[in-house]
Each structure stands twice: as structure tokens, then as C-alpha cells.
Amino acid sequence: MVREIAYHLLSMGETVGMMMLEENTKRTALGLMGLAANKPLHIDRSAVSEEEFKSAFDNTLGTGRLFLYDHFGSTEIENLLNKVRYLAKGCGCRFIVIDHLSIVISGQEDGDERRMIDNAMTALKALAMECNVCIFLISHLKRPSGDKGHEQGAETALAQLRGSHAIAQLSDFVIGLERNQQNVNTITHNGKTYTINNVTTLRILKNRFTGETGPAGWLLYDKSTGRLYELMEDPTEKKDGPTGGSDFDNDDDDDGDVPF
């Protein structure tokens with residue numbers, strides 16, 4: 001999802017910095033180029049022609065407005081903060097993605113995870129305000145109580161943010177992503193059939209500016225294009241037949257479903 005956000009911002013003419021700490025820069029670059037080409041290039045480079053590949057590059061890395069952090073996994077917090085400051089002030093990035101917070105903390109020698117997250121969040125908040133930038137920070141969740149885990153579509157909550165409540169306290173917005181990886185019921189969208197395990201629910205857990213929270217939408221992942229598409233209604237509510245599928249191909253109204 002953060003790649004879709006970054007690609008959208010690039011398309012709007014913004015300058016974006018990406019610190020994807022779980023993957024190398026080649027994987028990040030191919031992922032973004034794949035969005036421009038509407039093909040999962042990180043899986044199959046042969047899916048596009050040389051001209052399409054060049055066009056995808058020109059629309060992403062070739063813009064000169066995308067900066068990727070080359071790293072070796074976990075990194076010192078102070079080093080990370082310096083890189084964020086450089087992206088903001090040296091490269092002119094107005095939007096910076098950090099994926100994810102837990103891997104930054106895991107490489108530290110101090111074993112107090114809660115305190116380290118508190119310190120990191122306080123520093124990142126101050127840095128965002130100092131440099132007037134938006135930071136998209138990815139955080140993992142704690143396993144919820146009970147038998148149903150997040151991989152089975154369990155509802156996200158602020159209390160499940162891993163390590164420290166400072167993540168929720170200092171963030172302006174917190175958005176939870178929920179997806180039941182085991183649900184193989186089907187829906188139809190734009191003439192194609194998808195299983196529900198390709199649908200992600202967006203849930204607003206915190207909204208500092210208006211206070212509005214709750215379910216905010218649904219995103220459908222298309223494996224053939226590698227893109228996310230917005231659904232205008234909950235696919236699990238509308239059922240037709242024994243498979244529990246939903247039909248979004250009602251042509252009476254154009255629901256305006258578009259790529260994220």
C-alpha cells in the first residue's frame with residue numbers, strides 16, 4: 001500500500017523519500033515501476049517491452065523526485081534520523097516513508113524496546129515539525145487475544161500497536177489494515193473474479209484533526225497488474241449464492257472504482 005501512496009504522490013509532482021528497511025532498493029524500484037506499468041515487474045520482468053520498461057522508469061525513478069535509502073537492514077536510530085533530515089532538507093522530500101519501525105529498534109543493543117520506541121517516536125515527531133514533512137511510519141502489531149489473529153482478519157486497534165503507546169499518542173493519523181488471508185469466497189469486479197483474501201479493509205484508528213474514526217474503505221489487489229483498486233462497498237456484506245460471492249458489476253451506476 002505504501003508503494004501505491006508513493007507512486008500517487010510522484011504522479012502529483014511531489015518529491016518522495018522511501019526508507020524500506022525490509023528490502024533492497026532494487027526491489028523497491030521495481031515495485032514502483034510495476035505500478036507505472038500495471039505489471040508486477042518484481043516478479044516477471046519479461047511481462048513488458050523495452051519501451052514500456054523505459055516509460056515506467058521515466059515515470060518513477062527517472063523523475064528525479066524519488067529518493068531511496070540504501071541500507072543493510074536494521075540501523076542506528078540516530079543515523080536514521082540524520083537520513084530523514086537529509087531527505088527533507090537536502091533532497092527536498094515533502095513525504096517520507098519508513099518501513100518499518102520495529103526493524104529499526106531490533107538492531108539496538110539496549111533491550112528496553114518500549115523506551116527505544118518512545119525516544120524514536122518523539123524524535124521523529126520533532127523532526128517532522130522541524131522540517132515540515134509528512135512521515136508515513138509503518139508499525140507491526142501485537143498478536144490479539146483469542147484464537148483469531150490478524151492474518152485471519154481480526155479487527156485492528158490502537159492497543160495492538162507493538163511496543164509502545166507513543167506510536168498512537170504522537171501520530172496525527174493511525175490507519176489499521178485488515179485482511180483475512182484464509183477467506184476464499186469470491187467477488188466479481190469489472191468482469192473479473194477475485195477471492196476475498198485479496199481485499200484489505202482500511203480502518204481509521206486515530207484522527208487528530210476531526211476525530212472521525214472507523215472503517216474507511218476497502219482495497220482490492222489485482223495479482224495480474226500488481227495494483228490496488230478501491231471498492232465502494234464492503235464485499236463481505238453483499239452475498240449471492242453458496243460461495244458467498246459479491247457482485248460489483250452492476251452497470252446501472254458507475255461507482256467510480258479507480259486505482260488507488
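This report takes a walk along helix α4 and looks at its neighbours in a predicted model.

Let's begin with length. Helix α4 covers residues 77-90, which makes 14 residues. At 1.5 Å a residue, the helix should span 20 Å, and its end C-alpha atoms are 19 Å apart, so the two values agree.

Now for the two sides of the helix. The table sorts residues of α4 by how they sit.

| Group in α4 | Residues |
|---|---|
| Buried | Ile77, Leu80, Leu81, Val84, Leu87, Ala88 |
| Exposed, on the face turned away from the buried side | Glu78, Tyr86, Lys89, Gly90 |

Looking down the axis of α4, you would find its buried residues within an arc of 120°, so they line one face of the helix. A general rule helps here: an α-helix has 3.6 residues a turn, so residues three or four places apart point the same way.

What covers the buried residues of α4? The cover includes the strands β1 (16-20), β2 (66-68), β3 (95-99) and β4 (134-137), along with the helices α5 (101-106) and α6 (113-131).

Helix α6 deserves a further look. Its axis lies 11 Å from that of α4, and the two helices pack at an angle of about 15°. Because angles under 35 degrees count as roughly parallel, α4 is described as roughly parallel to α6. The contact is made by Ile77, Leu81, Val84, Arg85, Ala88 and Lys89 on the α4 side, and by Met116, Ala120, Ala123, Leu124, Leu127, Glu130 and Cys131 on the α6 side. The crossing of α4 past α6 is right-handed.

Finally, just after α4 comes Gly92, with a positive phi of about 80°.

Terms used. Residues numbered from 1 in each chain as written. Predicted model: local features only at pLDDT ≥ 70, side-chain atom pairs only at ≥ 80, totals over all residues. Heavy atoms only, no water. Helix = DSSP H or I, 4+ residues; strand = E, 2+ residues; numbered from the N terminus. Expected span 1.5 Å × (residues − 1). Buried < 20%, exposed > 50% of the residue type's maximum accessible area, 1.4 Å probe, protein only. Arc of directions from axis to C-beta. Contact = heavy atoms within 4.5 Å. Axes fitted to C-alpha atoms, helices over the stretch in contact; angles between N-to-C directions. Parallel < 35°, antiparallel > 145°, perpendicular 65-115°, else oblique. Left-handed = near helix turned anticlockwise from the far one by under 90°.
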